[in-house]
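Biologist: I am new to this structure and should be grateful for a close look at one part of it. Please take the packing of the helices and the aromatic rings together, in one connected account.

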Amino acid sequence: MKQLKAQRGATMWEMCLYLFVFLTVVTTALKLGPLYIQDRNIHSALTALNDSLKGTDATNALIKDRLSKTFQVSMIDDKILSDLAIDRTGSVPVVTLDYDVQAPFVGNVDVLIHFKHSVELTSVR
């Protein structure tokens, strides 16, 4: 019978450390993942706005209305539209959405994430 000269495997403290790191990564992914998925939906809505307004005289109210309807379908909070800015100084209107999202993380710790999207409406007259 062979005898081991050294202990093999992880100790209890190493296993606790591995478990802590794993749970931290999973918690971070579960808390922040939906915020980034929502941001992808917002970015998609802004890029699709150019196609939906093709050939129209897009007023600021029409742009906000189209985005509001798209946000309702995607279940995105309409409060984000308050951060919408439409710049018409150039030859092409530029729609900019610059917003922050605050979400609870763990206990009394919150996470604040800043997103900014800008789209030129090249198909608008």
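Modeller: The account below begins with the helices and then turns to the rings and to single residues.

This is a predicted model, in which local features need pLDDT of at least 70 and side-chain atom pairs count only at pLDDT 80 or more, while totals for chains, interfaces and linings use all residues. Residues are numbered from 1 along each chain as its sequence is written, and side-chain values use heavy atoms, with hydrogens and water left out.

Two packed helices are described by the angle between their axes and the distance between the axes. Helix 1 covers residues 12-52 and helix 2 covers residues 60-73; they pack at about 130°, with their axes 10 Å apart. Here axes are lines fitted to C-alpha atoms, for helices over the stretch in contact, and angles run from 0 to 180 degrees between N-to-C directions. Helices (H or I, at least four residues) and strands (E, at least two) are DSSP runs, numbered from the N terminus. Helix 1 and helix 2 are therefore oblique to each other; angles under 35 degrees count as roughly parallel, over 145 as roughly antiparallel, 65 to 115 as roughly perpendicular and the rest as oblique. Their crossing is right-handed, a term used if the near helix is turned clockwise from the far one by less than a right angle.

On the side of helix 1, Ile42, Ala45, Leu46, Leu49 and Ser52 meet Ile63, Arg66, Leu67, Thr70 and Phe71 of helix 2, where contact means heavy atoms within 4.5 Å. This contact has 7 nonpolar, 2 polar and 1 charged residues; Ala, Val, Leu, Ile, Met, Phe, Trp, Tyr, Cys and Pro count as nonpolar, Asp, Glu, Lys and Arg as charged, and the others, Gly among them, as polar. Ala45 is buried, with a relative accessible area of 8%; buried means under 20%, exposed over 50% and partly exposed in between (1.4 Å probe, protein chains only). Leaving aside neighbours within four places in sequence, Ala45 is in contact with Leu67, Thr70 and Phe71. Although Ala45 and Leu67 are 22 residues apart in sequence, their C-alpha atoms are 6.9 Å apart.

The aromatic rings come next. A search of the whole structure finds 2 aromatic pairs; rings of Phe, Tyr and Trp (its six-membered ring) pair if their centres lie within 6.5 Å, and planes under 30 degrees apart count as stacked, over 60 as edge-to-face and the rest as tilted. Tyr36 and Phe115 have ring centres 5.4 Å apart and planes at 85°, so this pair is edge-to-face. It links distant parts of the chain, with Tyr36 in helix 1 and Phe115 in strand 3 (residues 109-120), 79 residues apart. Tyr36 is partly exposed at 43% relative accessibility, whereas Phe115 is buried at 7%. Tyr99 and Phe115 form a tilted pair, 5.4 Å centre to centre with 35° between the planes. Tyr99 belongs to strand 2 (residues 94-106) and is 16 residues from Phe115; Tyr99 is buried, at 2%. Tyr36, Tyr99 and Phe115 form one aromatic cluster.

Leu97 also lies in strand 2 and is buried, with a relative accessible area of 0%. Not counting residues up to four places away in sequence, Leu97 touches several residues, including Ile42, Leu46, Phe71 and Phe115.
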